[in-house]
Amino acid sequence: MTTALITGATAGIGAAFARRFAAARYDLVLVARNVERLENSAAKLKQLGAGNVEVLPADLATTEGRALVEDRLADPLRGVDVLVNNAGFGHGTAFLSHPVEDEEMLLDVLVRAVLRLTRAALPGMIERGRGAIINVSSVAGFVPRGTYSSAKAWVTNFSESVAAEVHGTGVRVIAVCPGFTHTEFHERADIDTADIPGWMWLEADEIVEGALKDLRRGVPISVPSVQYKALTAVAKLVPRNLVTKVSRGMSKRW
């Protein structure tokens, strides 16, 4: 059986990955903070066809929580074949509008956890000659919009770098860069989405399908959807100061 470990597995894109792997009869390790939601998710995933479903309550903003997941990934007797680094959150306010400790917590989850969990999973995957690491990034990483955007830019760059480093080992690494997606993310971040055009919204399941298709193709960066492929291509061509100006205007509006 193939085993997939998914962080932030009880909602949004993480839950969509879990459903997709359950339908393929994977064994699953679900990581999130809320034990009740983990157990409810596990029961539903078993009904969808998952093999063994293990719940691992852990707060990735803490050293202790990250260590729990690192130990599970490094366990030589219970190898993990697929790691999905999906856990994350955002702030609905500007950089100077909340305590610096909140920014540090964001970096602990979006950057430090991704780095450490990837590092814990890779040796075993390389030794077995197979495996995949899927890091959920964001198109926000292509434009300057605060700590969240900066963190996602790091995730994309890091994933591409590690993918090149492990090339030829049988292990693949990919950064998935979705845009606005119908999940709990914006509501939990207290972000007003009323003015965001309908064409900019994606569904979590279509992101997962696009990501897995690109993973099979060996693509290191996946931007799943035609509209966001176009937007990111334009962002790379437009002068950086103009991208910054547009991004600042969008931040004030949304």
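Of the 254 residues of the protein chain in this predicted model, 48% count as buried. The chain is built from nine helices and seven strands. Among contacts between residues at least 6 apart in sequence, 69% join residues at least 24 apart, and the sheet described next offers several examples of residues brought together from separate parts of the sequence.

The seven strands form an open sheet, and read across it their order is β3-β2-β1-β4-β5-β6-β7, with parallel pairing. The edges are taken by β3 (53-57) and β7, each of which has a single partner strand, so one side of each is left without a neighbour in the sheet.

Within the sheet, strand β1 (residues 3-7) pairs with β2 in the parallel sense over five bridges, and Leu 5 stands opposite Val 29 in β2. How many of the residues of β2 are buried? Six of the six are, so β2 is largely enclosed by the rest of the structure. Burial holds for both faces of this strand, since Asp 27, Val 29 and Val 31 point one way from β2 while Leu 28, Leu 30 and Ala 32 point the other way, and all are buried.

Just ahead of β2 in the sequence comes a residue with a contrasting setting. Arg 25 lies in the loop between α1 (12-23) and β2 (27-32), and Arg 25 is exposed, with a relative accessible area of 55%. Its backbone also deserves a look: most residues other than glycine have a negative phi, whereas Arg 25 has a positive phi of about 65° although it is not a glycine.

Further across the sheet, strand β4 (residues 82-85) and β5 pair in the parallel sense over four bridges, and Asn 85 has Asn 135 as its bridge partner in β5. On to β6, six bridges join β5 to that strand, and the two run parallel; here Gly 131 stands opposite Val 171 in β6. Strand β6 is itself mostly covered, with five of its six residues buried.

A single residue of β5 shows how these strands come together. Ile 134 has its place in strand β5, and with a relative accessible area of 1% this residue counts as buried, because the cut-off for that term is under 20%. Ile 134 and Ala 175 are 41 residues apart in sequence, yet 6.1 Å apart in space from C-alpha to C-alpha. Leaving aside residues up to four places away in sequence, Ile 134 touches Val 82, Leu 83, Val 84 and Asn 85, and also Ile 174 and Val 176, together with Phe 17, Leu 212 and Leu 215.

From the sheet the path leads to helix α5 (residues 146-165), whose 20 residues reach 29 Å from the first C-alpha to the last, close to the 28 Å expected at 1.5 Å a residue. Against which elements do the buried residues of α5 pack? They pack against helix α4 (100-128) and against the strands β5 (131-136), β6 (171-176) and β7 (221-222). The buried residues of α5 are Thr 147, Ser 149, Ala 151, Lys 152, Val 155, Thr 156, Phe 158, Ser 159, Val 162 and Ala 163.

Thr 147, in helix α5, can serve as an example from that set. At 14% relative accessibility it counts as buried, because that value falls under the 20% cut-off. Residues up to four places away in sequence not being counted, Thr 147 touches Phe 95, Glu 103, Leu 106 and Leu 107.

Helix α4 also takes part in an internal space. The structure holds one cavity of 30 Å³ or more, and the volume of the largest cavity is about 30 Å³. Which residues line the largest cavity? The lining consists of Thr 7, Leu 60, Asn 85, Asn 86, Ala 87, Val 109, Ala 113, Val 114 and Leu 117, and the largest share of it, four residues, comes from α4. By character, the lining divides into six nonpolar residues, three polar and no charged. Two residues named here lead back to the sheet: Asn 85, which lines the cavity, is bridged to Asn 135 in β5, and Asn 85 is also touched by the buried residue Ile 134.

Conventions: Residues numbered from 1 in each chain as written. Predicted model: local features only at pLDDT ≥ 70, side-chain atom pairs only at ≥ 80, totals over all residues. Heavy atoms only, no water. Expected span 1.5 Å × (residues − 1). Buried < 20%, exposed > 50% of the residue type's maximum accessible area, 1.4 Å probe, protein only. Contact = heavy atoms within 4.5 Å. 1 Å grid on protein atoms, 1.4 Å probe; cavity = no way out; pocket = protein on both sides within 12 Å on 5 of 7 lines; lining within 4 Å. Points joined across faces, edges and corners; volume = space filled by probe spheres on them. Nonpolar A, V, L, I, M, F, W, Y, C, P; charged D, E, K, R; others polar. Pairing = 2+ DSSP bridges.
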